[in-house]
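Student: I have a structure to go through and some quick questions about it. Can we start with the helices and then move on to the sheet?
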Amino acid sequence: MEQELSQFKEYLRQNASLSENSVTAYLSDLSAFAAYLSEKNGRMPADALKADVADYLLKLSQAGKSAATVNRKLASIRAYYKFLLGRGEISESPAVSIRSPRIRRKEIEYLTIAEVDRLLSAPSDGDIGLRDTAILETLYATGLRVSELMYVNVEDVNLRMGFVSCDGSHGKARIIPLGRPARAALEKYIYEVRPHFRRGVEKGNKKGDDALFLNYYGERITRQALWKILRSYAEKVGLGKKITPQILRNSFAVHMVQNGADLKSLQELMGHEDPIATQAYLAVSKSRIKDVYDRAHPRA
């Protein structure tokens, strides 16, 4: 089984367009399925029947696993049988006709455009304020995850062409355009402010040598610091909502859809591997349109 897992891992890397974290999760899911089969009837995954797969998913649900977790494990199992089909080792996947559990999606939280404007205008002048303006403008302009933003390097930003590259280490690799306000904020930060944060680098600290966003000691800014920055400015401008980086990322996506972005383009910009994740933002837009209709139409 170990050799097969190794071959499956290579297949996922080459054919499934998954992040390294997702590849690891798929392998873990398959190992758990193999352990279940071994205990249940001694079968190997390659020999499993449709009933085996269905029973396994039922057991996960009965154990309290969420629909999202069960869906991911089913996706891992399906990917494995697709791998076997491609090698000619099976003639039919036992998971092909098994329906995915329906996920009840939480309502997406996002800011209005006016609220985003208030948030982005919160930082003051000075080195810290100008850095934070660049951070907030970049987050809203690109929809990057915080885990992606903290690993952006200076060389990943092309101010002349107006885009930022995300290498995919913490999501899907992509190139994302930068709007004019974000470009202006980044240009001021990179050329006028960032050198002031490199004091630590000049003293021999190389931790922030390539990083785009630095802390006061010249080190790459951390996830915790980015969260703190966002929350502090939200409190400053009186936003009553509990602000998180995800809410700002949601705001980017919802505003894009509301202003006409197609889902395929938005999926690429967001780095979603599954289009279902992107479709949730379309549902928000449709709900808004329905609210407008109900308020405005005389026979609504």
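Tutor: First, a term: contact means heavy atoms within 4.5 Å. Also keep in mind that this is a predicted model.

Student: Ok. Which residues in helix 2 meet helix 3?
Tutor: From helix 2, Asp-29, Ala-32, Phe-33, Tyr-36, Leu-37 and Lys-40 take part. Their partners in helix 3 are Ala-51, Asp-52, Val-53, Asp-55, Tyr-56 and Lys-59.

Student: How do the residues of that contact divide into nonpolar, polar and charged?
Tutor: The contact of helix 2 with helix 3 has 7 nonpolar and 5 charged residues, and no polar ones.

Student: At what angle do the axes of helix 2 and helix 3 cross?
Tutor: At roughly 105°, and the axes come within 11 Å. Angles of 65 to 115 degrees count as roughly perpendicular, so helix 2 and helix 3 are roughly perpendicular to each other.

Student: Now the sheet. In what order do the strands come?
Tutor: The order is 1-2-3, in an open sheet of 3 strands with antiparallel pairing. Strand 1 (157–158) and strand 3 (174–177) are the edge strands, each pairing on one side only.

Student: How many bridges does strand 2 make with strand 1, and how many with strand 3?
Tutor: Strand 1 and strand 2 pair over 2 bridges, while 4 bridges join strand 2 to strand 3. Asn-158 stands opposite Phe-163 in strand 2, and Ser-165 stands opposite Ile-175 in strand 3.

Student: Which side chains of strand 3 are buried?
Tutor: Arg-174 and Ile-176, which point to one face. Ile-175 and Pro-177 point to the other face and are not buried.

Methods. Residues are numbered from 1 along each chain as its sequence is written. This is a predicted model: local features need pLDDT of at least 70, side-chain atom pairs count only at pLDDT 80 or more; totals for chains, interfaces and linings use all residues. Side-chain values use heavy atoms; hydrogens and water are left out. Axes are lines fitted to C-alpha atoms, for helices over the stretch in contact, and angles run from 0 to 180 degrees between N-to-C directions. Angles under 35 degrees count as roughly parallel, over 145 as roughly antiparallel, 65 to 115 as roughly perpendicular and the rest as oblique. Ala, Val, Leu, Ile, Met, Phe, Trp, Tyr, Cys and Pro count as nonpolar, Asp, Glu, Lys and Arg as charged, and the others, Gly among them, as polar. Two strands pair if DSSP finds at least two bridges between them. Buried means under 20% relative accessible area, exposed over 50%, partly exposed in between (1.4 Å probe, protein chains only).
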